[in-house]
Amino acid sequence: MIRVEHIGIAVRNLAEAKRVYEKLLATTCYKTESVTSEMVNTAFFKTGATKIELLESSDETGPVSKFLEKRGEGIHHIAFEVEDIYAEMQRLKSEGFVLLNESPKVGADNKLICFLHPKNTNGVLIELCMERK
Ligand code: CMX
């Protein structure tokens, strides 16, 4: 695990939340992206070496929609950058963590990603991510 690459925050309205975080961080959002496979619209901010990813659901059956319904707005996941996602997935699986995808998926921001179930990580959804070559 190299560093916290980003923190994902679930929001109900991306345009409104974007304005709030632009004010809060005194910076502009550098990228917005829709990830159909994850059923989210995202907006990214740079804060030093770490990013903030705002997540709005784009489909009521998606994971962020379910999260908002059950728990409301707030921190949705913490993403760690890894050097070799394949090796790290193998290591974590052998340590007993539950991988939510068996092979890396293509996520936002040009990344290969894998999520770990929050039930084995003290209630925090963890994402591994690696820059796509
Ligand atoms: N953080 C912490 N806990 C969470 C959670 C989250 N983000 N999402 C759900 N949970 C909790 C639920 O509240 C539930 O808790 P209780 O058992 O206490 O009620 C528990 O996890 C299990 O919930 P579940 O109903 O069995 O499972 P869900 O259908 O809610 O799915 C999860 C949960 C994590 C498996 C699913 O959301 C998932 O696969 N997530 C990975 C993909 C994803 O989140 N994509 C969106 C982001 C994409 C991006 O960053 O680009």
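In the predicted model, a polar atom of the asparagine 101 side chain lies 3.3 Å from the backbone nitrogen of phenylalanine 115. The side chain of asparagine 101 also reaches the backbone oxygen of serine 103, at 2.8 Å. Asparagine 101 belongs to the loop between helix H3 (85–94) and strand S6 (105–107). Its relative accessibility is 9%, and because buried means under 20%, asparagine 101 counts as buried. With neighbours within four places in sequence left aside, the contacts of asparagine 101 are Met89, Ile113, Cys114 and Phe115.

Phe115 is part of strand S7, which spans residues 111–116. Of the 6 residues in S7, 6 are buried, so the strand is largely enclosed by the rest of the structure. Lys111, Ile113 and Phe115 point one way from S7, while Leu112, Cys114 and Leu116 point the other way. Residues on both sides of the strand are buried, lysine 111 included.

S7 pairs with S6 and with strand S8. S6 and S7 run antiparallel and are joined by 3 bridges, with glycine 107 opposite lysine 111 in S7. The hairpin formed by S6 and S7 has 3 residues between the strands, and aspartate 109 in this hairpin adopts a positive phi near 65 degrees. The pairing of S7 with S8 (residues 126–131) is likewise antiparallel and comprises 6 bridges. In this pairing, leucine 112 stands opposite methionine 130 of S8.

In soluble globular proteins, nonpolar side chains tend to be buried together. The largest nonpolar core of the model has 11 residues: Val82, Ile85, Met89, Leu92, Leu99, Leu112, Cys114, Leu116, Ile126, Leu128 and Met130. At least two residues of this core come from each of H3, S7 and S8. A further core, of 10 residues, lies apart from it and includes Ala17, Tyr21, Ala43 and Phe45.

Within the largest core, the S7 members Leu112, Cys114 and Leu116 are the residues that point to one side of the strand. Leucine 128, also a member of this core, is in contact with Leu112, Ile113 and Cys114, among others, when neighbours within four places in sequence are left aside. The contacts of leucine 128 also include Ile85, Glu88, Met89 and Leu92, as well as Met1, Phe80 and Val82. Met89, Ile113 and Cys114 are thus listed for leucine 128 and also for asparagine 101.

How values were computed:
Residues numbered from 1 in each chain as written. Predicted model: local features only at pLDDT ≥ 70, side-chain atom pairs only at ≥ 80, totals over all residues. Heavy atoms only, no water. Helix = DSSP H or I, 4+ residues; strand = E, 2+ residues; numbered from the N terminus. Buried < 20%, exposed > 50% of the residue type's maximum accessible area, 1.4 Å probe, protein only. Polar contact = N/O pair within 3.5 Å; in protein donor to acceptor, adjacent residues only side chain to side chain. Contact = heavy atoms within 4.5 Å. Pairing = 2+ DSSP bridges. Core = buried A, V, L, I, M, F, W, Y, C linked by side-chain atoms within 4.5 Å.
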